[in-house]
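The exercises below concern one structure. Each gives a task, followed by a solution in steps.

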Amino acid sequence: MTYTAIILAAGQGKRMAAGENKQFIHLLDKPLFIHTVSNFAEDDWCSQIVLVINPKERDRIKQLLNQHPIRKPIVLVNGGKERQESVYYGLQMIKDPNEIVFIHDGARPFVMHEQLHELAYVVKERSAGLLAVPVTDTIKQKKGNELTTLDRSTLWAAQTPQGFRKQLITYAHEKAKAENYIGTDDASLVERLGDSVAIVTGSYHNIKLTMPEDIERAETYLKDRKMY
Ligand SMILES: Nc1ccn([C@@H]2O[C@H](COP(=O)(O)OP(=O)(O)OP(=O)(O)O)[C@@H](O)[C@H]2O)c(=O)n1
Ligand SMILES: C[C@](O)(CO)[C@H](O)COP(=O)(O)O
């Protein structure tokens, strides 16, 4: 079985406050996005990679890809202002409506290949799925001054990759766009069609590097070399 990976790297990394897109932060020997792209390139089931980038960073990205050769075809695509727009532009590069497409944050370098394969099986059967983990904190909802506690046994923290048949996720994006809906992930766009999305239990190691504190944790994982 094979899939196409859309890897998103067109953000700004504001919360990381590195003074530039966090994708360029060096984790030990390589920039963050190179770790993520290499991880997918090393998965035999990944047939091609669509890397979504900020057009202003194209030259720098190409230079870094030359310095760190990737053993899979890579298509570079210009992203948009919002993550959702960036995904949409990435989807335009895939022609086969039945293709299994994994949408993945460039900021998550540690997803394990076994989980990619589990997700591919699920998408083949069910058309839509994502990696997620049960939340471990108690989650409070604050509306004005009123605090309520959500039932933790029903809560999952969504990760990426999120996988779909190309036709389904493209339709979900087009509908969201037409209705000015912006979701924080891609699965939510399919959920609002009334379609079901399957959960594959992921790993707590599949972190998204978001805040400065995440860098130390990521380097520890890389030193252990247990992650991929
Ligand atoms: N317009 C955008 C915004 C985000 N992303 C990508 O989507 C992923 C998840 O987004 P996030 O972690 O929020 O990254 P940033 O948007 O860069 O971070 P911040 O929200 O802190 O600015 C990242 O790999 C980011 O590069 C993207 O391709 N295009
Ligand atoms: C898609 C995602 O990684 C799932 O947890 C998350 O919603 C992305 O959010 P961000 O604010 O764009 O990082």
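**Exercise 1: strand β7**

Five of the seven residues of β7 are buried, so this strand is largely enclosed by the rest of the structure. Buried means that 20 or more other C-beta atoms, placed from the backbone, lie within 10 Å of the residue's own; 12 or fewer make it exposed, and counts in between partly exposed. Helices (H or I, at least four residues) and strands (E, at least two) are DSSP runs numbered from the N terminus.

The model is predicted: local features need pLDDT of at least 70, side-chain atom pairs count only at pLDDT 80 or more, and totals for chains, interfaces and linings use all residues. Residues are numbered from 1 along each chain as its sequence is written, and chains are lettered from A and ligands numbered from 1 in the order in which they are written.

Task: determine how β7 is joined to β10 and β11.

Solution.
1. β7 pairs with β10 in the antiparallel sense over six bridges; two strands pair if DSSP finds at least two bridges between them.
2. In this pairing Ala-128 has Phe-164 as its bridge partner, and Val-133 is opposite Ala-157.
3. β7 (residues 128-134) and β11 run parallel and are joined by four bridges.
4. Here Gly-129 is partnered by Ala-198, and Leu-131 faces Val-200.

**Exercise 2: the sheet**

Task: give the strand order of the open sheet and state which strands stand at the edges.

Solution.
1. The order of the seven strands is β5-β4-β1-β6-β10-β7-β11, with mixed pairing.
2. β5 (74-78) and β11 (198-201) are at the edges; each has a single partner strand, so one side of each is left without a neighbour in the sheet.
3. From one strand to the next the twist averages 30°.
4. Within the sheet, β6 and β10 pair in the antiparallel sense over four bridges, and Ile-100 stands opposite Arg-165 in β10.

**Exercise 3: helices on the sheet**

Task: describe how α1 and α5 lie against the strands.

Solution.
1. Helix α1 (residues 32-41) packs on the sheet and touches β1 (3-8) and β4, its direction making about 160° with that of β4. Axes are lines fitted to C-alpha atoms, for helices over the stretch in contact, and angles run from 0 to 180 degrees between N-to-C directions.
2. Eight of the ten residues of α1 are buried, among them Leu-32, Phe-33, Ile-34 and Phe-40.
3. The cover over the buried residues of α1 includes β1, β2 (26-27), β3 (30-31), β4 and α2 (58-67).
4. Helix α5 (residues 166-178) lies across β6 (100-105), β7 and β10, at about 115° to β10.

**Exercise 4: the largest nonpolar core**

Task: which residues of the largest nonpolar core touch the most other members?

Solution.
1. A nonpolar core is a set of buried Ala, Val, Leu, Ile, Met, Phe, Trp, Tyr and Cys residues joined through C-beta atoms within 7 Å.
2. Among its 50 residues, Ile-6, Ile-7, Val-52 and Val-101 touch the most other members.
3. Strand β4 (residues 46-53) supplies the largest share of this core, six residues.
4. Beyond its neighbours within four places in sequence, Val-101 has contacts including Ile-6, Leu-91, Ile-94 and Phe-164; contact means C-beta atoms, placed from the backbone, within 7 Å.

Conventions: Contact = placed C-beta atoms within 7 Å.
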